[in-house]
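This report goes through one protein model, from paired charges to surface patches. Please keep the sequence and the 3D view open while reading.

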Amino acid sequence: MSRQALGKRKRYILGFGDGPKPSSSSSTPSRVSQDHVGELQKLKAEMEEMKMEREMEREELRRQLEQERREREEEKKEREEEQKQIAHLTSLVTEFLKEKTQTHKSSIHHDGAMSSTGGTNTR
């Protein structure tokens with residue numbers, strides 16, 4: 001019937017009529033596909049392992065960068081504290097020098113005033 005409707009061409013209906021018939025051994029294709037599936041699963045497992053390794057490496061790099069950032073912040077704070085101490089010491093030294101200068105000027109003025117007004121007159 002199929003020949004009358006479709007004509008005499010091969011493979012209209014596989015396994016019927018003219019043309020090659022499927023082999024009776026169907027285990028070969030499934031064995032090959034099982035091998036492919038196994039290989040694919042193995043490759044997928046390797047890819048997942050590689051992804052996990054890369055993620056662990058990235059996490060380690062993140063930790064190192066964070067540690068370096070904290071160390072830089074700590075160094076910055078230390079420098080700022082040193083600058084504050086230097087500024088404080090500078091202001092103390094400046095104040096001390098001003099007082100010494102004023103004391104010295106005052107003693108010169110006081111000594112000079114005494115010698116011109118109330119000191120012994122040698123003339």
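Which residue forms a salt bridge with Glu66, and how far apart are the closest N and O atoms? The partner is Arg69, and the closest N and O atoms are 2.2 Å apart. The coordinates come from a predicted model, and the distances and areas below are computed from it.

## Overall make-up

The protein chain contains 2 helices and 0 strands. It has 123 residues, of which 0% count as buried. A residue counts as buried when its relative accessible area is under 20%.

The surface exposed by the protein chain is about 12000 Å². Carbon and sulfur atoms supply 55% of that area. Across the whole structure, a search finds 9 salt bridges.

## Arg69 and its two partners

Arg69 takes part in a salt bridge with Glu66 and in another with Glu73. In the pair with Glu73, the side chains meet at 2.3 Å, N to O.

The spacing along the helix helps to account for both pairs. Arg69 and Glu66 are 3 residues apart in helix α2, about one turn of the helix. Arg69 and Glu73 are 4 residues apart in helix α2, so about one helical turn separates this pair as well.

The three residues are also partly exposed. Relative accessibility is 32% for Arg69, 28% for Glu66 and 37% for Glu73.

## A network around Arg58

Salt bridges that share partners also join Glu55, Arg58, Glu59 and Arg62 into one network. Within it, Arg58 forms a salt bridge with Glu55, and the closest N and O atoms are 2.9 Å apart. Helix α2 spans residues 27–117, and because Arg58 and Glu55 lie 3 residues apart in it, they are separated by about one helical turn. Arg58 has a relative accessible area of 42% and is partly exposed; Glu55, at 35%, is partly exposed too.

Glu59, another member of the network, is placed in helix α2. Its relative accessible area is 33%, which puts Glu59 in the partly exposed class. The side chains of Glu59 and Arg62 are joined by a polar contact of 2.7 Å.

## A patch of negative charge

Where do glutamates gather on the surface without salt-bridge partners? Glu68, Glu71, Glu74, Glu75, Glu78, Glu81 and Glu82 make up a patch of negative charge there. Residues in such a patch have over 30% relative accessible area and no salt bridge.

Glu81 serves as an example from this group. Glu81 lies in helix α2 and is partly exposed, with a relative accessible area of 41%. That value is over the 30% needed for a patch residue, so Glu81 can be counted in the patch.

## A nonpolar patch

Which residues make a nonpolar surface patch of about 290 Å²? They are Val93, Phe96 and Leu97. Nonpolar side chains are joined into a patch when they are within 5 Å.

Val93 lies in helix α2. Its relative accessible area is 47%, and Val93 is therefore partly exposed, since the exposed class begins over 50%.

Technical notes:
Residues numbered from 1 in each chain as written. Predicted model: local features only at pLDDT ≥ 70, side-chain atom pairs only at ≥ 80, totals over all residues. Heavy atoms only, no water. Buried < 20%, exposed > 50% of the residue type's maximum accessible area, 1.4 Å probe, protein only. Areas by Shrake-Rupley, 256 points an atom, 1.4 Å probe, with all protein chains shown as cover. Salt bridge = Lys/Arg side-chain N within 4 Å of Asp/Glu carboxyl O. Patch = residues over 30% accessible without salt bridge, like charges linked within 9 Å, V, L, I, M, F, W, Y side chains within 5 Å. Lys, Arg positive; Asp, Glu negative; His and termini not counted. Charge placed at Lys NZ, Arg CZ, Asp CG, Glu CD. Polar contact = N/O pair within 3.5 Å; in protein donor to acceptor, adjacent residues only side chain to side chain.
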